[in-house]
Amino acid sequence: MQIPEEVKIKQLFEQHNEAGELLVEYNDEVLRIDLIEDDMRLWVETLSRYKSPYNLLLACENDNCELKDTQLTWVVGSAIRPFLSTSLEEAKILLISLGVKPSIASIAEKHCPGLGTKVPWAFYRQRDGRVTASPIIDTK
């Protein structure tokens, strides 16, 4: 029996640290999952500005080119690019094309419930280069 995405998201909130983040490590690689309510609220507001039903928001270096021709970067000063993924595999391939290591994309595949399908997610880099994912859900 498969666990519903809503339950998996709830489990993420049960695992986060005092800083509101969950660090998922595998083979010396780390994916940071941002569960800070204020950050998540900002992503919800950002997603609501787009008319099409996107399920990914990506902080990119450039918005004047094809999505495949840019890289994931930090949020401040970035171009937030929306994308509608139709599958988990498509979302994973997109992340890799944006410069995310395949090992980090695999961590996201396993630890970001509903990625590429039912749950919208935002991806960006921290200033130190660490990839961060945040579910775009209203926590109220």
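At 15% relative accessibility, lysine 92 counts as buried, because the cut-off for that label is under 20%. The model examined here is a predicted one, and this lysine makes a friendly starting point for a walk through it. Lysine 92 is found in helix 3. Leaving out residues up to four places away in sequence, lysine 92 touches Ala105, Ser106 and Glu109. With serine 106, the meeting is a polar contact between the two side chains, at 3.2 Å.

From this single residue, the view can be widened to the nonpolar interior. The largest nonpolar core has 29 residues, and those with the most contacts inside it are Leu31, Leu58, Trp121 and Phe123. Many elements give two or more residues to this core: helix 1 (5-15), helix 3 (88-97) and helix 4 (102-111) are among them, as are strand 1 (21-26), strand 2 (29-34), strand 3 (56-60), strand 5 (121-125) and strand 6 (131-135). Helix 4 provides the largest share of this core, with four residues. A second core, separate from this one, has seven residues, including Trp43, Ala59, Ala122 and Ile136.

Leucine 31 shows what such a core residue meets. Its neighbours within four places in sequence set aside, leucine 31 is in contact with Leu22, Leu23 and Val24, with Ile104, Ile107, Ala108 and Cys112, and with Val131, Thr132 and Ala133.

Strand 1 and strand 2 also deserve a look as a pair. The two run antiparallel and are joined by six bridges. Across this pairing, leucine 23 stands opposite arginine 32 in strand 2. Together the strands form a hairpin, with two residues between them. In the turn, asparagine 27 has a positive phi of about 50°.

Helix 2 offers a small check that a reader can follow by hand. Its 12 residues (residues 37-48) should span 16 Å at 1.5 Å a residue, since the expected span takes one less than the number of residues. The C-alpha atoms at its ends are 16 Å apart, which agrees.

Which residues of helix 2 are buried? They are Met40, Trp43, Thr46 and Leu47. Seen down the axis of helix 2, these buried residues fall within an arc of 120°, so they line one face of the helix. What covers them includes helix 1, strand 2, strand 3, strand 4 (79-83), strand 5 and strand 6. On the face turned away from the buried side, helix 2 carries the exposed residues Glu37 and Ser48.

Key
Residues are numbered from 1 along each chain as its sequence is written. This is a predicted model: local features need pLDDT of at least 70, side-chain atom pairs count only at pLDDT 80 or more; totals for chains, interfaces and linings use all residues. Side-chain values use heavy atoms; hydrogens and water are left out. A nonpolar core is a set of buried Ala, Val, Leu, Ile, Met, Phe, Trp, Tyr and Cys residues joined through side-chain atoms within 4.5 Å. Buried means under 20% relative accessible area, exposed over 50%, partly exposed in between (1.4 Å probe, protein chains only). Contact means heavy atoms within 4.5 Å. Two strands pair if DSSP finds at least two bridges between them. A polar contact is a pair of N or O atoms within 3.5 Å; within protein, one must be able to donate a hydrogen and the other to accept it, and residues adjacent in sequence count only if both atoms are side-chain atoms. The arc is that of the directions from the helix axis to the C-beta atoms.
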